[in-house]
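Me: I've got a structure open here and would like to talk it through with you. Shall we start with the overall picture and then go into the details?

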Amino acid sequence: MTIKPSLDRRIQTLFPVALACLLLLGTARLVLDSLKSNQSSIFRVYGRQEGGEFKKPVFVLPKDRFEKGCNVFEGQWVWDNVSHPLYTEESCPYLVKQTTCQRNGRPDSFYQDWRWQPRACELPRFDPLKLLDILRGKRLMFIGDSVQRGQFESMVCMVQSVIPDGKKSFHRIPPMKIFKAEEYNASIEYYWAPFIVESISDHATNHTVLKRLVNLDSIAKHGKSWEGVDVLVFESYVWWMYKPSINATHGSTDDIQEFNVTTAYKLALETWAKWLESNINSIKQKVFFMSMSPTHLWSWEWRPGSDESCFNESYPIEGPYWGTGSNLQIMKIVDDILRESKINVTFLNITQLSEYRKDGHTTIYGERKGKLLTKEQRSDPKNFADCIHWCLPGVPDAWNEILYAYLLQNHQNFM
């Protein structure tokens, strides 16, 4: 009897098992070596705390997303002094005087306690940790005029309280403001560009709406600061509407002509759309466009027979309402440009929901030309009330809750 063939068969049977074990051990070693390195994809996504400990990731759950097909811009304002406001003037050191109505003497605070409720679905409850997780390693930039600056300040105030002192910073680098969450390597930024395209009003502080000259086909100077930004939120309206005509150039900068505002606005947005097509990577970047922020300059629009401003208004308008300060031609231009754009731009149509909020403006409790109103000016609200800008906390917080909801919609927990 011979044993050798049987031994050979055993060796042949065991060889694949041994080879598989060696491959498994080698793979495990590579994984462990990767985890020890900061180059690990896990650390690239979630970061790493000092001492090598894992950061606890914040996951976006199905309940954090609103139902597909729901129009979050249709709904009503509901009284909610339990969950709102999302912050206070005292808790946020980054608010400018223009928006701190309580500190500036406004006697009521009802405007802070309204929450936007869509008719057909629920907006996710704002969670600053989830937003910071979405923004980890990224930049969110608001681009536009002083109304857009208010939205930027609102977003900073909504997230900053969960970030420890020493782990956040705020820098003013005109025409920009930059808030950084250090541990997340994330930034929320603002860029002053009241017309989106270039103009003589592009200086962050030295500008006036009384003198407007817009270069309708020039955007490259601004665009250099927007390149590579992960989330861009554009807005431009109020500065266009000071008068029905505007001085502008299209082609030679020496050929200044008077344009109808709607014509000029269309040309400017066409220039912007071309910039998007040449510079935006839709896979890596998200672009939003805010619809116009409404004004409430004349009380007769919501209270026939009166002749006041938005001063001393404490409650939203009930029922259908559309003020004369919101230009439907401009809305159609924006819609047409976005439909034709080769880049996917999410349109945040906050105009109608904001139309109801005649109570939310700074009125006599803000700034005029960089200074708080004098006693004499405050005594004349019909001429001096600001019915364009918004108190904070206030209406722009709802805009950001909607922006947050859209950022949640397509966020992937693992990249």
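Me: What percentage of the residues in the protein are buried?
Reply: Keep in mind that this is a predicted model. The protein has 11 helices and 17 strands. Of its 415 residues, the buried share is 52%.

Me: Among contacts between residues at least 6 apart in sequence, what share joins residues at least 24 apart?
Reply: Here we leave out contacts between residues closer than 6 apart in sequence. Of what remains in the protein, the share joining residues at least 24 apart is 74%.

Me: Is helix 4 largely enclosed or open, going by how many of its residues are buried?
Reply: Helix 4 covers residues 146-160 and spans 21 Å from first C-alpha to last, close to the 21 Å expected. Counting burial, 15 of its 15 residues are buried. So helix 4 is largely enclosed by the rest of the structure.

Me: Which residue caps the N-terminal end of helix 4?
Reply: Look for a side-chain oxygen 3.0 Å from the backbone nitrogen of valine 147. The residue that supplies this oxygen is aspartate 145.

Me: Which helix gives the largest share of the largest nonpolar core?
Reply: That core has 113 residues, and those with the most contacts inside it include Ile188, Trp226 and Phe234. The largest share of the core is 10 residues, and they come from helix 6.

Me: Which residues form one aromatic cluster with Phe234?
Reply: Setting aside residues up to four places away in sequence, phenylalanine 234 touches Trp226, Trp272 and Phe289, among others. Those three are also in the cluster. Besides Phe234, the cluster is made up of Tyr191, Trp226, Trp272, Trp275 and Phe289.

Me: How is the aromatic pair of tryptophan 79 and tryptophan 114 arranged, and how far apart in sequence are the parts tied together?
Reply: This is an aromatic pair in a structure that holds 23 of them. The centres are 5.2 Å apart with 80° between the planes, and over 60 counts as edge-to-face, so this pair is edge-to-face. Tryptophan 79 lies in strand 1 and tryptophan 114 in strand 2, so the pair ties together parts that are 35 residues apart in sequence.

Me: Is tryptophan 79 buried or partly exposed?
Reply: Its partner, tryptophan 114, has 15% relative accessibility and counts as buried. Tryptophan 79 comes out at 39%. Buried needs under 20% and exposed over 50%, so tryptophan 79 is partly exposed.

Me: Which charged residue sits over the ring of tryptophan 77?
Reply: The charged end in question is 4.6 Å from the centre of that ring. It belongs to arginine 357.

Me: Where along the chain is the residue whose C-alpha is 4.6 Å from that of cysteine 391?
Reply: Cysteine 391 is in the loop between strand 17 and helix 11, and at 0% relative accessibility it counts as buried. Its contacts include Cys101, Tyr111 and His361. The residue at 4.6 Å is 292 residues away along the chain, namely threonine 99.

Me: Which peptide bond leading into proline 175 is cis?
Reply: Proline 175 is in the loop between strand 4 and strand 5. Omega is near 5° for the bond, which runs from proline 174 to proline 175.

Me: What is phi of asparagine 312?
Reply: Asparagine 312 is in the loop between strand 12 and helix 7. It is exposed, with a relative accessible area of 63%. Phi is positive although the residue is other than glycine, with a value near 70°.

Technical notes
Residues are numbered from 1 along each chain as its sequence is written. Side-chain values use heavy atoms; hydrogens and water are left out. Helices (H or I, at least four residues) and strands (E, at least two) are DSSP runs, numbered from the N terminus. The expected span of a helix is 1.5 Å times one less than its number of residues. Buried means under 20% relative accessible area, exposed over 50%, partly exposed in between (1.4 Å probe, protein chains only). A polar contact is a pair of N or O atoms within 3.5 Å; within protein, one must be able to donate a hydrogen and the other to accept it, and residues adjacent in sequence count only if both atoms are side-chain atoms. A nonpolar core is a set of buried Ala, Val, Leu, Ile, Met, Phe, Trp, Tyr and Cys residues joined through side-chain atoms within 4.5 Å. Contact means heavy atoms within 4.5 Å. Rings of Phe, Tyr and Trp (its six-membered ring) pair if their centres lie within 6.5 Å; planes under 30 degrees apart count as stacked, over 60 as edge-to-face and the rest as tilted. A charge sits over a ring if NZ of Lys or CZ of Arg is within 6 Å of the ring centre and within 35 degrees of the ring normal.
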